[in-house]
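Hi,

Here is the structure I promised to pass on. Have a look at it first, and then read on for what turned up in it.

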Amino acid sequence: MEPTIGLALGAGSARGLAHIGVLKALEEEEIKIDYIAGTSAGAIIGGFYAAGLDLHMLERLATHLEWDNLTDITLPRQGLIAGDKMKEFFQLLTKRKEFSDLELPFAAVATDIEKGENVVIDSGIVAEALRASMSVPGVFVPHKLDDRLLVDGALLNRVPTAEARNLGADIVIGVEVSPIDSQSRDVNNIFDVILNSIDIMQQELAQSKRVGADLLIEPKLKGIGATELERSQECIDLGYQATQKNIEKIKKLRARGLESEEAN
């Protein structure tokens, strides 16, 4: 029996579209994914994939996305964007499925903004979990779910490898789409201020916290801003290329896991 493979898809705002390229490369090589855990953008792409959305359709959709079609500005009490349009978009693409209806086990990671706790969502309506996981503090109004006020999971858990392993994965492949570098960042509006601040915080978190994957895929996304949806095809291509370079390592991990099971 082959070892099971789990994907841990990391946060990265628009750069998270690289996850589409990762999944595309794995599909082409017929590497079966058994479990997916995702944070923020990783939760969105992972949730769509677990719901059965075709990758070619997702790629076409991603290259035509515009923030204006997904955002609904509100009076800034808890956030600048209400998030209702985003949730409807998630409902549409997940076909209003619950976790129990998904084609493979999936978990989304959010943060309880009141208690400062990592929250794993693996039951209920998938779109609600995605809305919670990607709620960047200050940008999106926090999402209320099961008496918790939830925001972006990346605050505590940018690449949810432990969650992928807890789902049942023998081998965990992490995908890091928030480049850890010191490049200059353009600041043109309040969204850039908030997202760049989170990027900087993530750099500090990355230096103190090991990701914990059996293999970490890191697309070369340096220089691509967190809000640059117009570079979606570039992100997808870079995710694809990074995964292609790691295919042999993934196959070796799978073979090693199979040998270990047979020895037992």
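Helix α1 (residues 18-28) packs against α2 at an angle of about 40°, and their axes are 10 Å apart. That angle is why α1 counts as oblique to α2. If the two values look like an odd pair to quote, it's just that two packed helices are described by the angle between their axes and the distance between the axes. On the α1 side, the residues that meet α2 are H19, I20, L23 and E27. Their partners in α2 are A41, G42, I45 and Y49. Do keep in mind as you read that this is a predicted model.

Now for the bit you'll probably want to look at on screen. Which residues does the UniProt annotation "active site" cover? The entry, which is unreviewed, puts that label on S40 and D152. They are spread over 113 residues of sequence, yet they cluster in space, with a largest C-alpha distance of 5.9 Å. Both S40 and D152 are included in the lining of the largest pocket.

Taking S40 first: you'll find it in the loop between β2 (35-39) and α2. Is S40 buried or exposed? Its relative accessibility is 5%, and buried means under 20%, so S40 counts as buried. Leaving out residues up to four places away in sequence, S40 touches A11, V109, S133, M134 and D152.

D152, for its part, sits in strand β8 (residues 148-152). D152 has a relative accessibility of 6%, so this residue counts as buried too. Its contacts, again without neighbours within four places in sequence, take in T39 and S40, then A110 and T111, and finally A132, S133, M134, S135, V136 and P137. What does the side chain of D152 make with the side chain of S40? A polar contact, at 3.0 Å.

One more element to click on is helix α5 (residues 84-93). Which residues are buried there? They are M86, F89, F90, Q91 and L93. The buried residues of α5 pack against four helices and a strand: α2 (41-50), α3 (55-62), α4 (67-70), α6 (126-133) and β6 (138-140). So α2 turns up again here, as a packing partner of α5 as well as of α1. Just after α5, have a look at K95, which takes a positive phi of about 60°.

Cheers

Methods: Residues numbered from 1 in each chain as written. Predicted model: local features only at pLDDT ≥ 70, side-chain atom pairs only at ≥ 80, totals over all residues. Heavy atoms only, no water. Buried < 20%, exposed > 50% of the residue type's maximum accessible area, 1.4 Å probe, protein only. Helix = DSSP H or I, 4+ residues; strand = E, 2+ residues; numbered from the N terminus. Contact = heavy atoms within 4.5 Å. UniProt positions renumbered as here; feature names shortened; annotations may be inferred. 1 Å grid on protein atoms, 1.4 Å probe; cavity = no way out; pocket = protein on both sides within 12 Å on 5 of 7 lines; lining within 4 Å. Polar contact = N/O pair within 3.5 Å; in protein donor to acceptor, adjacent residues only side chain to side chain. Axes fitted to C-alpha atoms, helices over the stretch in contact; angles between N-to-C directions. Parallel < 35°, antiparallel > 145°, perpendicular 65-115°, else oblique.
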